[in-house]
Amino acid sequence: MDNKSPYLHPQYETLSREEISKLQAERLQATVRHCMNVPFYQQKFKDMGITPDDIKTVDDVRKLPFTTKQDLRDTYPFGMAAVPLRDCVRLHSSSGTTGNPTVILHTQKDLDEWANQVARNLWMVGLRPDDVFQNSSGYGMFTGGLGFQYGAERLGMLTVPAAAGNSLRQIKFMKDFGTTAVHAVPSYVTRLYEVMQEQGVDPRRDTKLRVLAIGAEPHSEEQRQRIEQMMGVKAYNSFGMSEMCGPGVGFECPEQNGLHFWEDYYIVEIVNPETLEPVPDGEIGELVLTTLCREAMPLLRYRTRDLTRVLGRSCPCGRNHVRLDRMRGRSDDMMVLRGVNIFPIQIEKILMTFPELANNYLITLTTDDDNDNMTVEVELAEMFTDDFGRLQKLNKDITRALKDEILLTPRVKLVAKGTLPVSEGKAVRVVDKRKVYQ
Ligand code: ADP
Ligand code: ZN
């Protein structure tokens, strides 16, 4: 490893667009042939009247069947395996945020490639073997734990597998071990900072922290900037999903201009979720991914349900791997309130512009007198509840700003810091208590 190179895998990271297409075409053909070991895909190919020989170029990916989360549930647990189980060495299960869990199998080669992917990302944001990397993800089925663990070890850093929660201990480790980089879900970073404040710990003065990898849940640019300011570090957006291996699928480079999705590992498509036709670059659609290097469980055109758009295919960092915008959320995170489509991230974006507010918020949807309503509870950064006039004005300003963004007037409730629930994993931002009329 050349410590000075900005690239860990220059032979892949600096490929031109033509070279990427060529590599993808080769890997796609091999993947499709390999999928013929899976009865699910055999049947799909039969139904669609196609054979692996029909797939020659990257664009031929559009001839292939989609795969959905439901397909993974229907074939639970091992129906999507493309190799015998004795060749698999680990399984992961998605966290089940939106329903029953699904199982993802890995061979040793899959795990090796995954570690390479994660290491590549961490290297890209300037981490080197001298760094000390602390992971505050839950270990176990959640891929954010072991995924970052093996990736950080592959890079050669000293790793601190602190796992989730126990903020006092996290902070002690950071100080004692000279932690320079932390991986955490964004909602947990803000919690960690609050505990630091309570303990009189200033991350700039009392720690060596300089890099954060934040991801696993949607967050706004405003939230990222807040995190960077609070902690005095650079915070890089990290995208992962269990079905694609876990963390490592897409990551921001030092330009912080979108997530580079690694096209030597995946074919990236953005489609209209209704027509399933590709949308032009710049337009929002559903992210669809095809794995190109997976042995145990290759997936063709997997519908992630995440909504995003293509920002570009070149970057001042020298990488031409497609850049995607931060995720708007999943199609199933979308709230439909009185016919208006709203994503939690839109609310967050507005709340984060008010310095009087802390970072935790909760959106509750209710039906009152046959009308659907939204209540936004948000914690105050400091207590000034005795200043009623000031609170009232703040409430009005937030309500107006939210209305401008979502076109509906929510009820805003300002609450004291520490009163809203905090989760150790992915934050729960929306509680839907509406009556369902059939
Ligand atoms: P589950 O699907 O049960 O939550 P995963 O841990 O596999 O389990 O989560 C993957 C999902 O997490 C992605 O499909 C996406 O919705 C979300 N996600 C992961 N990273 C990010 C990120 N950086 N920004 C926004 N959403 C993210
Ligand atoms: Zn870049």
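**Zinc site and domain interface in a predicted model**

Cys253 is buried, its relative accessible area being 0%, where buried denotes under 20%, exposed over 50% and partly exposed the range in between (1.4 Å probe, protein chains only). His260 is likewise buried, with a relative accessible area of 0%. The model is predicted, and local features require pLDDT of at least 70 while side-chain atom pairs count only at pLDDT 80 or more, whereas totals for chains, interfaces and linings use all residues. Residues are numbered from 1 along each chain as its sequence is written, ligands are numbered from 1 in the order in which they are written, and side-chain values use heavy atoms, without hydrogens and water.

Both residues belong to the site of the zinc ion (ligand 2), whose protein donors are Cys253 (SG), His260 (NE2), Cys315 (SG) and Cys317 (SG), at 2.1 to 2.3 Å from the ion; donors are N, O and S atoms within 2.8 Å of the metal (3.2 Å for Na, K and Ca). The 4 donor atoms subtend angles of 104 to 114°, and the site is tetrahedral, a class that requires all angles among four donors to lie between 85 and 135 degrees. Along the sequence, the donor residues follow the spacing C-x6-H-x54-C-x1-C.

The chain is divided into domain 1 (1-330) and domain 2 (335-432), with bounds from an automatic or database domain assignment. Their contact, defined by heavy atoms within 4.5 Å, takes 25 residues from domain 1 and 19 residues from domain 2. About 1700 Å² is buried between the two domains, 52% of it on carbon and sulfur atoms, buried area being the accessible area (1.4 Å probe) that two parts lose on being put together, summed over both. Glu194, Glu222 and Arg226 supply 30% of the area that domain 1 buries against domain 2, more than any other three residues.

Technical notes
Tetrahedral: all angles 85-135°; square planar, octahedral: opposite > 155°, others 65-115°.
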